[in-house]
Amino acid sequence: MLSSQSIHLKALDTADLHRLQAILNLICRDAGVPLRAPAMQKIAALLISLYRHGVTDEDKLLSVGRLALVQNAPGLSAAAEADRPQGGVAGA
């Protein structure tokens, strides 16, 4: 039986899933974290939940996803930052 709260959740269609996938891919790329990492799976679930509850602004979802990665997996985001070249050009 569905709870009264779940009745009001937004159902996701293909376009919604593509939008969420694009946001998750951007977070992964920026952080240098593989999509299949446990931390990214948790962020995917968070983004889906927020979207289903009406948070559809891509910038907000991106910000929340990035913040969740930093808070829940600081080692992953710190390692990604350490691997990035400083000053913009690698090997310079």
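Colleague: Let's start with K10 and D16: how do their side chains meet?

Modeller: In a salt bridge, with N to O at 2.8 Å. The general idea is that side chains of opposite charge can pair when their charged atoms come close. One caveat before we go on: this is a predicted model.

Colleague: Are K10 and D16 buried or exposed?

Modeller: They fall in separate classes. D16 is buried, because its relative accessibility is 7% and the cut-off is under 20%. K10 has a relative accessible area of 31%, so it counts as partly exposed.

Colleague: How many salt bridges turn up if you search the whole structure?

Modeller: Four. Take R19 and E58, whose side chains meet with N to O at 2.9 Å. R19 sits in helix α2 (residues 14-31) and E58 in helix α4 (residues 58-72), so this pair ties together parts 39 residues apart in sequence. Both ends are partly exposed: R19 has a relative accessible area of 30%, and E58 has 39%.

Colleague: And what does D30 form with R66?

Modeller: Another salt bridge, where the closest N and O atoms are 2.4 Å apart. D30 is in α2 and R66 is in α4, so here the parts being tied together are 36 residues apart in sequence. D30 is partly exposed at 24%, and R66 is partly exposed too, at 35%. There's a network here as well: salt bridges with shared partners join R29, D30 and R66.

Colleague: Let me step back to the fold. Which helices and strands does the chain have?

Modeller: Five helices and zero strands. Along the sequence that reads α-α-α-α-α. As for burial, the chain has 92 residues and 25% of them count as buried.

Colleague: If I want to check the length of a helix such as α2, what should I compare?

Modeller: Compare the span you'd expect with the distance between the end C-alpha atoms. For the 18 residues of α2, 1.5 Å a residue gives an expected 26 Å, and the end C-alpha atoms are 26 Å apart, so the two agree. Do that again for α4: its 15 residues should span 21 Å, and its ends are 21 Å apart, which agrees as well.

Colleague: Which residues of α2 are buried, and where do they sit around the axis?

Modeller: The buried ones are D16, L20, I23, L24, I27, C28 and A31. They cover an arc of only 135° around the axis, which puts them on the same side of α2. On the face turned away from that buried side you'll find the exposed residues T14, H18 and R29. R29 we've already met, as a member of the salt-bridge network.

Colleague: Which residues play those parts in α4?

Modeller: L61, L62, G65, A68 and L69 are buried. Seen down the axis of α4, they fall within an arc of 130°, so they line one face of the helix. D59, K60 and Q71 are exposed, on the face turned away from the buried side.

Colleague: Where does the buried face of α4 come near other parts of the chain in space? What is the C-alpha to C-alpha distance from L62 to L24, say?

Modeller: It's 7.8 Å, although L62 and L24 are 38 residues apart in sequence. L62 is buried, with a relative accessible area of 11%, and L24 is on the list of buried residues in α2. A68 gives you a second example: its C-alpha is 6.8 Å from that of I43, with their positions 25 residues apart in sequence. A68 is buried at 8% relative accessibility.

Colleague: Last topic: pockets. What is the volume of the largest pocket, and which residues line it?

Modeller: The general idea is that rolling a probe the size of a water molecule over the atoms shows where empty space is left. In this model the largest pocket has a volume of about 170 Å³. Its lining is made of L17, L20, Q21, L24, L35, R36, Q41, A44, L47 and I48.

Colleague: Which helices supply that lining, and how do its residues divide by character?

Modeller: α2 and α3 (38-52) each supply at least two of the residues. The lining divides into seven nonpolar, two polar and one charged. L20 and L24 link back to what we covered earlier: they line this pocket and are among the buried residues of α2.

Technical notes: Residues are numbered from 1 along each chain as its sequence is written. This is a predicted model: local features need pLDDT of at least 70, side-chain atom pairs count only at pLDDT 80 or more; totals for chains, interfaces and linings use all residues. Side-chain values use heavy atoms; hydrogens and water are left out. Buried means under 20% relative accessible area, exposed over 50%, partly exposed in between (1.4 Å probe, protein chains only). Helices (H or I, at least four residues) and strands (E, at least two) are DSSP runs, numbered from the N terminus. On a 1 Å grid over the protein atoms alone, a cavity is a set of points where a 1.4 Å probe fits but cannot get out, and a pocket is an open set with protein on both sides within 12 Å along at least five of seven lines; lining residues have an atom within 4 Å of a point. Grid points are joined across faces, edges and corners, and a volume is the space filled by probe spheres set on the points. Ala, Val, Leu, Ile, Met, Phe, Trp, Tyr, Cys and Pro count as nonpolar, Asp, Glu, Lys and Arg as charged, and the others, Gly among them, as polar. The expected span of a helix is 1.5 Å times one less than its number of residues. The arc is that of the directions from the helix axis to the C-beta atoms.
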